[in-house]
Amino acid sequence: MFASETPTGQAAATVTLPAVPPADRPVNRKRIVVVGTVAAVLIAGAGVAAWAYGGDVPRGTEILGVDLGGKSRTEAERALTDAVGPRTGEPVAVDLAGEKFSLEVATIALRLNVDLSVGKAIKGSPRLTGKRVVPPVIELDRAKLEKVLRERLDPKKVTLRKPGITYSGLTPRPRYPAPGQGLDVAAAATAIRQAWLVGGTATITLVPRPPATTREQVDALVADLAAPAVAAPVTVTVGDKSLTLSPKAIAKGLVFRSDDDGRLTPAIDGTKLHAAAAKEFAAVEKEPEEATITLADGKPKIVAGTPGDMVDLAKLGPALLAVLPKPAPRTVEAVLTRQEGATTESDLAALGVKEKVSTFTTYFTGGRKSPRSQNIMTIARAVDGAVVQPGETFSLNKHTGERTYADGYKDAPVIVGGKLEPGVGGGASQFTTTLFNAAYYAGLEDVEHKPHSFYFSRYPAVIESTIFYPTLDLKFKNITPYGILIDTSYTSKSVTVSMWSTKVYDSVKTVRSPRRNITSPPTVYREPGPKCIATSGLPGFTQDAWRVIRKDGKEVEREKFTWRYDPEPRFICGAKP
């Protein structure tokens, strides 16, 4: 036995040589050869094992066609990111029950989780031949995916009938479910994951789905909850006060909601319940007051709102739902919660309402006491102080609602079927024209308006508007980045609308063409009576008007308006001579 030295002088492994056999004893060369072969195999096997297990990821491992075998975890993550990363922003092609479209990754939070994908690749045995394909870990938001798919899916293709329970007065009416074709969201998510990053199409088919709630369960909900819920009132105690919820109010507030899987769930709709028992809730609540903008000394001023104390409907709902199956008497406790108004001081301050940006005045006759003048003043009061948020569209009909006698409107002349007749709210069109012009000269977007069929000299030709609930409306959109405060005022002979905001444009002016296609008014005899209003007649004509807007010293917009006025007949109340 001896020890050898390496070139560096360090001792190498000790090797023991077999003893030399005597000369008269033959050497067993076969045995020596076999031992050598085994040693060679062992050495080779150790080399193969070292090769196969080299790195963190076993040899022969692939993800999305990227060979990660033999790489460290960091190297594998980098290689997968470099190879696949550029494709992770691409949309996935979808075939949803025959409708093909592209789905953007951000819409459903679709992403490749490189860390978890490589982690799966590390767990496995090496392959000396062939390859081991590891599926990637692809994440998405299933709730968002379901929302998108249901929005794109033709409702007629979903034949699963949802259950429901509604009330006819105080009688619960069941709607029974039925199986049918429906959406399998889990299968859809799998199809999306498999198709993305490989250029495939996620084919999503509808599958037979039984409703999650059976007919028997619907009947049980009717018997155990819906019917007893409206059998008696419920007393709600709020501190040292109380209110009573009538069976009618309970029927409005108790709802049965069915999801897309046909699962029927009872709940208390706090908004509906509060509306149905508004007077009862008012006895124990204090409504919050919103912050407002007013004009003081010719300048906008924000008036702070005051918080209110309202019943906490989110807490009342579950408590009420728990006692509704029980027999009378039934009592639940509720608590008040401090609530700010829907609009706060900071909300209004952010709108930038600081200066007058437009104003327009029209004139009328008859004084304050005439029905037409009173209608103009009534609608002006209804709109005064309205705030139009940036991006919001203002609708005059929506803001005032139907103009009725109960709201203080009176009969005055209106155009009905090409004739002037008395009608409730006559004169509202004069305010409409005034409001339209104020919005027009503030540079707001014209969404909907319609000039009168006859021309009236008290209005600017073409740039005017009529209104009739609910078919004719005035709508304009605030396309500026600032809020708009609408200020209205009137005298015994005029009405004025001003817009307050932050000035955006240098000027807004109107350029008109000459009148053309002038037509003379005909004479029409009408039956005398309260519906006949005599007129002297006016000619008809066509005219153009351009709204010219300038900003930063340049013309930035020129919008054309054109209108053809019919000739207003000379109406005579009486028989033709």
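1. Is Asp297 buried or exposed? In this predicted model, Asp297 is exposed, its relative accessible area being 80%, and it lies in the loop between strand 17 (292–296) and strand 18 (299–303). Its phi is positive, near 55°, in a residue other than glycine.

2. Asn517 also deserves a look, since it has a positive phi of about 55° although it is not a glycine. Asn517 is found in strand 32 (residues 516–519), and with a relative accessibility of 57% it counts as exposed. As background to both residues, most residues other than glycine have a negative phi.

3. Two cis peptide bonds should be checked against the model. The bond from Ala328 to Pro329 is cis, with omega near 0°, and Pro329 sits in the loop between helix 10 and strand 20. The bond from Tyr469 to Pro470 is likewise cis, with omega near 0°, and Pro470 belongs to the loop between strand 27 (445–448) and strand 28 (475–477).

4. Strand 13 (residues 234–238) and strand 14 (residues 241–245) run antiparallel and are joined by five bridges; Val236 has Leu243 of strand 14 as its bridge partner, while Thr235 stands opposite Thr244 in strand 14. Two residues separate the strands of this hairpin, in which Gly239 takes a positive phi near 65°.

5. The open sheet of three strands follows the order 14-13-20, with mixed pairing; strand 14 and strand 20 (331–333) are its edge strands, each pairing on one side only, and the twist from one strand to the next averages 25°. Helix 10 (residues 313–323) packs on the sheet, where it touches strand 13, strand 14 and strand 20, and its direction makes about 160° with that of strand 20.

Note on methods
Residues are numbered from 1 along each chain as its sequence is written. This is a predicted model: local features need pLDDT of at least 70, side-chain atom pairs count only at pLDDT 80 or more; totals for chains, interfaces and linings use all residues. Side-chain values use heavy atoms; hydrogens and water are left out. Two strands pair if DSSP finds at least two bridges between them. Helices (H or I, at least four residues) and strands (E, at least two) are DSSP runs, numbered from the N terminus. Axes are lines fitted to C-alpha atoms, for helices over the stretch in contact, and angles run from 0 to 180 degrees between N-to-C directions. Contact means heavy atoms within 4.5 Å. Buried means under 20% relative accessible area, exposed over 50%, partly exposed in between (1.4 Å probe, protein chains only).
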